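Student: I am new to this structure and would like a close look at one part of it. Could you walk me through the salt bridges and then show me what surrounds them?

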Amino acid sequence: MRLKRALVALTVVLGGLLAGTGGAAAATTPYCGITWGSTAKSGGALSSAPLAEVRAGQHACWDRVVFEFAGPANGFSVAYGETYTEGQGLALSPYTAGGALLQVSLRAPAYDDGHVATLPYRTGDHAVNALGYRTLRDVVFGGSFEGYTTFAVGVRARLPYRVFVLSGPGTHSRIVLDVAHQWQA
């Protein structure tokens, strides 16, 4: 009899948990179907193709930052947290707008084979005008040192993001960072 009551109680508890899970899943419907998450993302290898341009764009469900290279490049590491300048190690958070900071490390230089800068920015310069964006607040150049280039990307809050690589146009390549406008619908 005791065993039967224990099994009935266990069934009731498990049924309640499963019903609660169904309700929670319905309440957390992904925004625009986005299931990216906010954990660190990395991939690709070191490249000698120099960074040629940084630009941003707005989409219905996310804001985008595009890093375009003059050749094939696919190496990156992106995570929420403090960003430091390349070579000097100075924190960029005091100079970057936003409630959360994405550290973007590109595995490619921002200078050519003759060590001439391929971008018009100096360390600490704001690379993108983010006025009017829903999520993106700032993109600050953190410098380029020993083949790595760093940016601090300020966003409104810690939100889901994705990073991917596109080929083209022509011989160029792009590393794209999308940050969602919100977590759930």
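Tutor: Happily; we will start with the salt bridges and then turn to the cores and the disulfide. Please keep in mind that this is a predicted model.

The count of salt bridges comes to four. A good place to begin is arginine 55, which forms a salt bridge with glutamate 53, their closest N and O atoms being 3.1 Å apart. Arginine 55 also pairs with glutamate 68, and here the closest N and O atoms are 2.8 Å apart. This second pair links distant parts of the chain, with arginine 55 in strand E2 and glutamate 68 in strand E3, 13 residues apart.

How exposed are these partners? Glutamate 53 is partly exposed, at a relative accessible area of 36%, and arginine 55 is partly exposed too, at 29%. Glutamate 68 has 8% relative accessibility, so it counts as buried, because the limit for buried is under 20%.

Now move along the chain to another salt bridge, between aspartate 178 and arginine 162, with the closest N and O atoms 2.8 Å apart. Again the pair links distant parts of the chain: aspartate 178 lies in strand E9 and arginine 162 in strand E8, 16 residues apart. Aspartate 178 is buried, with a relative accessible area of 0%, whereas arginine 162 is partly exposed at 25%. Looking back at the earlier partners, shared salt bridges join Glu53, Arg55 and Glu68 into one network.

Next, the nonpolar surroundings. The largest nonpolar core has 34 residues, and Val54, Phe151 and Leu177 have the most contacts inside it. Strands E2, E3, E8 and E9 are among those that each supply at least two residues of this core. The strand that gives the most is E5, with four residues. There is also a second, separate core of six residues, including Tyr31, Ile34, Trp36 and Ala180.

Finally, the disulfide. A search of the whole structure finds one, and it joins cysteine 32 to cysteine 61, with an S to S distance of 1.9 Å. The link is left-handed, with -75° about the S-S bond. Cysteine 32 sits in the loop between helix H1 and strand E1, and cysteine 61 in the loop between E2 and E3, so to picture this pair, think of distant parts of the chain, 29 residues apart, being linked. Cysteine 32 is partly exposed at 43%, while cysteine 61 counts as buried at 14% relative accessibility.

Methods:
Residues are numbered from 1 along each chain as its sequence is written. This is a predicted model: local features need pLDDT of at least 70, side-chain atom pairs count only at pLDDT 80 or more; totals for chains, interfaces and linings use all residues. Side-chain values use heavy atoms; hydrogens and water are left out. A nonpolar core is a set of buried Ala, Val, Leu, Ile, Met, Phe, Trp, Tyr and Cys residues joined through side-chain atoms within 4.5 Å. Buried means under 20% relative accessible area, exposed over 50%, partly exposed in between (1.4 Å probe, protein chains only). A disulfide is a pair of cysteine sulfur atoms within 2.5 Å. A salt bridge is a side-chain nitrogen of Lys or Arg within 4 Å of a carboxyl oxygen of Asp or Glu.
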